[in-house]
Amino acid sequence: MCFDPLRADARFSTLPPDLRHQIAAACPMVVYGSGETVVRQGEDGQSMFVILSGTVSVQLEPSRTEVARIQPGGYFGEMSLLTGDPRTATVLAVGDVTVVEIA
């Protein structure tokens, strides 16, 4: 059986398995180390991220105020993907994080 990183995600779970595999195959899995920036507030964004493992911290610049923590199965960046607007927050890895980036 093939690894299906999107199966557990509710937004993708209703898709046929072959379509989920196609999406996952077309989208890179990326690993970020602790403290690495995944996205930065104000940057152009044309992708969203689904967290496979680890936790991210969502922070507002310039104060670096944390407004959320997102766990595996969660997602971020969808508004930039849908609207093309710049990123509205900075997202940092809390420990090692693996994500699927959907462009």
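What share of the 103 residues in this protein is buried? Buried residues make up 38% of them. Keep in mind, as we go, that this is a predicted model.

Okay, let's start with the overall layout. The protein has 3 helices and 6 strands. If you walk along the sequence, you meet them in the pattern α-α-β-β-β-β-β-α-β. So much for the order along the chain; now for what touches what. Take the contacts with a separation of 6 or more: 71% of them are between residues 24 or more positions apart. We'll run into a few such partners in a minute.

Let's go inside. The largest nonpolar core has 14 residues, and the ones that touch the most other members are Val38, Phe49, Ile51, Val56, Phe76 and Val91. Which strands each supply at least two residues of this core? They are strand E2, at 37–39, strand E3, at 48–60, and strand E6, at 90–102. If you want one residue to click on, try Val56. Leaving out neighbours up to four places away in sequence, Val56 touches Ile51, Ala68, Arg69, Ile70, Phe76, Val91, Leu92, Ala93, Val94 and Val97. There's also another core, apart from the largest one, made of 5 residues, including Cys27, Met48, Val50 and Val100.

Now, two names from the largest core deserve a second look. The structure holds 1 aromatic pair. The partners are Phe49 and Phe76, and their rings are stacked, with 5.0 Å from centre to centre and 10 degrees between the planes. Phe49 sits in strand E3 and Phe76 in strand E5, 27 residues apart, so the pair links distant parts of the chain. Both of these phenylalanines are buried.

Next stop, Thr98, which lies in strand E6. Is Thr98 buried or exposed? Thr98 counts as buried because its relative accessibility is 18%, and the cut-off for buried is under 20%. Who does Thr98 touch? Not counting residues up to four places away in sequence, the list is Met29, Val30, Val31, Val50, Ile51, Leu52 and Ser53. Look at Leu52 in particular: Thr98 and Leu52 are 46 residues apart along the chain, yet their C-alpha atoms are separated by 5.4 Å.

Let's move to the loop between E3 and E4, where there are two backbone details to point out. Pro62 is in that loop, and a cis peptide bond joins Glu61 and Pro62, with omega at about 0 degrees. Arg64 is in the loop between E3 and E4 too. Arg64 has a positive phi of about 60 degrees, although it is not a glycine. As for its surroundings, Arg64 counts as partly exposed because its relative accessible area is 42%, which falls between the 20% and 50% cut-offs.

Last topic: the pocket. The largest pocket holds about 230 Å³ of space. Its lining has 16 residues, and the closest to the centre are Gly77, Glu78, Met79, Ser80 and Thr88. Two elements give two or more residues to that lining: strand E5, at 75–76, and helix H3, at 78–83. Which of the elements gives the most to the lining? That's H3, with 4 residues. By type, the lining of the largest pocket divides into 9 nonpolar, 4 polar and 3 charged residues.

One of those residues closest to the pocket's centre is Ser80, so let's finish there. Ser80 is in helix H3. At 5% relative accessibility, Ser80 counts as buried. Setting aside residues up to four places away in sequence, Ser80 touches Gly45, Gln46, Asp85, Pro86 and Arg87.

To recap, then: a core of 14 residues, a stacked pair formed by Phe49 and Phe76, a cis bond between Glu61 and Pro62, and a pocket to which H3 gives 4 lining residues. That's my tour.

Terms used. Residues are numbered from 1 along each chain as its sequence is written. This is a predicted model: local features need pLDDT of at least 70, side-chain atom pairs count only at pLDDT 80 or more; totals for chains, interfaces and linings use all residues. Side-chain values use heavy atoms; hydrogens and water are left out. A nonpolar core is a set of buried Ala, Val, Leu, Ile, Met, Phe, Trp, Tyr and Cys residues joined through side-chain atoms within 4.5 Å. Buried means under 20% relative accessible area, exposed over 50%, partly exposed in between (1.4 Å probe, protein chains only). Contact means heavy atoms within 4.5 Å. On a 1 Å grid over the protein atoms alone, a cavity is a set of points where a 1.4 Å probe fits but cannot get out, and a pocket is an open set with protein on both sides within 12 Å along at least five of seven lines; lining residues have an atom within 4 Å of a point. Grid points are joined across faces, edges and corners, and a volume is the space filled by probe spheres set on the points. Ala, Val, Leu, Ile, Met, Phe, Trp, Tyr, Cys and Pro count as nonpolar, Asp, Glu, Lys and Arg as charged, and the others, Gly among them, as polar. Rings of Phe, Tyr and Trp (its six-membered ring) pair if their centres lie within 6.5 Å; planes under 30 degrees apart count as stacked, over 60 as edge-to-face and the rest as tilted.
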